[in-house]
Amino acid sequence: MRRFSCRIYGVLRDGDKVLLARSRFQERSFINFPGGGVEIEEAPGDALRREFLEETGLVIRPVRTLYANQEAHLSTQAP
């Protein structure tokens, strides 16, 4: 089965400080920039604003795109 995942993350700077988020996924803990999955028919900027609000409580205004990537990967797990 092929699965497509479109995700977006944001870098929020305050001088020389950068905001990071702690998350858990499948029993693993990791630190990343705030962000997550883009919903079907959701604009990337809207997804980033939603993810920041959900994860940090902050209302943001995205300024520019630093990097974009999309992947389709094979999965043996049922959706």
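**Note on charged pairs, core and backbone**

1. Arg24 has a relative accessible area of 56%, and this residue is therefore exposed, the cut-off being over 50%. The values in this note come from a predicted model. Arg24 takes part in a salt bridge with Glu27, in which the closest N and O atoms are 3.7 Å apart. Glu27 is likewise an exposed residue, with a relative accessible area of 72%.

2. The backbone of Glu27 also deserves attention. Its phi is near 65°, a positive value in a residue that is not glycine. Most residues other than glycine have a negative phi. Glu27 belongs to the loop that runs between strand E5 (21–25) and strand E6 (28–32).

3. Which other residue shows a positive phi, near 70°? The residue is Glu41, again a residue other than glycine. Glu41 sits in the loop between strand E7 (35–37) and H1. Its relative accessible area is 82%, so Glu41 is classed as exposed.

4. The total for the structure is 6 salt bridges. One of them pairs the side chains of Arg50 and Glu39, with an N to O distance of 3.9 Å. Arg50 is part of helix H1, whereas Glu39 is in the loop between E7 and H1, so this pair ties together parts that are 11 residues apart in sequence. Both partners are partly exposed: Arg50 has a relative accessible area of 21%, and Glu39 reaches 48%.

5. Arg50 has a further salt-bridge partner in Glu54, at 3.2 Å from N to O. Here both residues belong to helix H1 and are 4 residues apart, about one turn of the helix. Glu54 is exposed, with a relative accessible area of 54%. Through salt bridges that share partners, Glu39, Glu42, Arg50, Glu51 and Glu54 are joined into one network.

6. Is Glu51, a member of this network, buried or exposed? Glu51 is buried, because its relative accessible area of 8% falls under the 20% cut-off. This residue lies in helix H1. Its side chain makes a polar contact of 3.1 Å with the side chain of Arg50. When neighbours within four places in sequence are set aside, Glu51 is in contact with Gly35, Gly36 and Gly37.

7. Turning to the nonpolar interior, how many residues make up the largest nonpolar core? There are 6 residues in this core, namely Ile8, Val38, Ala47, Leu48, Phe52 and Ile60. Helix H1 (residues 44–56) supplies the largest share, with 3 residues.

8. Phe52, a member of that core, can be examined through its contacts. Not counting residues up to four places away in sequence, Phe52 touches Gly10, Leu12, Leu19, Pro34, Gly57, Leu58 and Ile60. Ile60 also appears among the core residues.

9. In summary, helix H1 recurs in several of these points. Helix H1 provides 3 residues of the largest nonpolar core, contains the buried Glu51, and holds both partners of the pair formed by Glu54 and Arg50. Away from this helix, the loop between strands E5 and E6 carries Glu27, with its positive phi and its salt bridge to Arg24.

Methods. Residues numbered from 1 in each chain as written. Predicted model: local features only at pLDDT ≥ 70, side-chain atom pairs only at ≥ 80, totals over all residues. Heavy atoms only, no water. Core = buried A, V, L, I, M, F, W, Y, C linked by side-chain atoms within 4.5 Å. Buried < 20%, exposed > 50% of the residue type's maximum accessible area, 1.4 Å probe, protein only. Helix = DSSP H or I, 4+ residues; strand = E, 2+ residues; numbered from the N terminus. Contact = heavy atoms within 4.5 Å. Polar contact = N/O pair within 3.5 Å; in protein donor to acceptor, adjacent residues only side chain to side chain. Salt bridge = Lys/Arg side-chain N within 4 Å of Asp/Glu carboxyl O.
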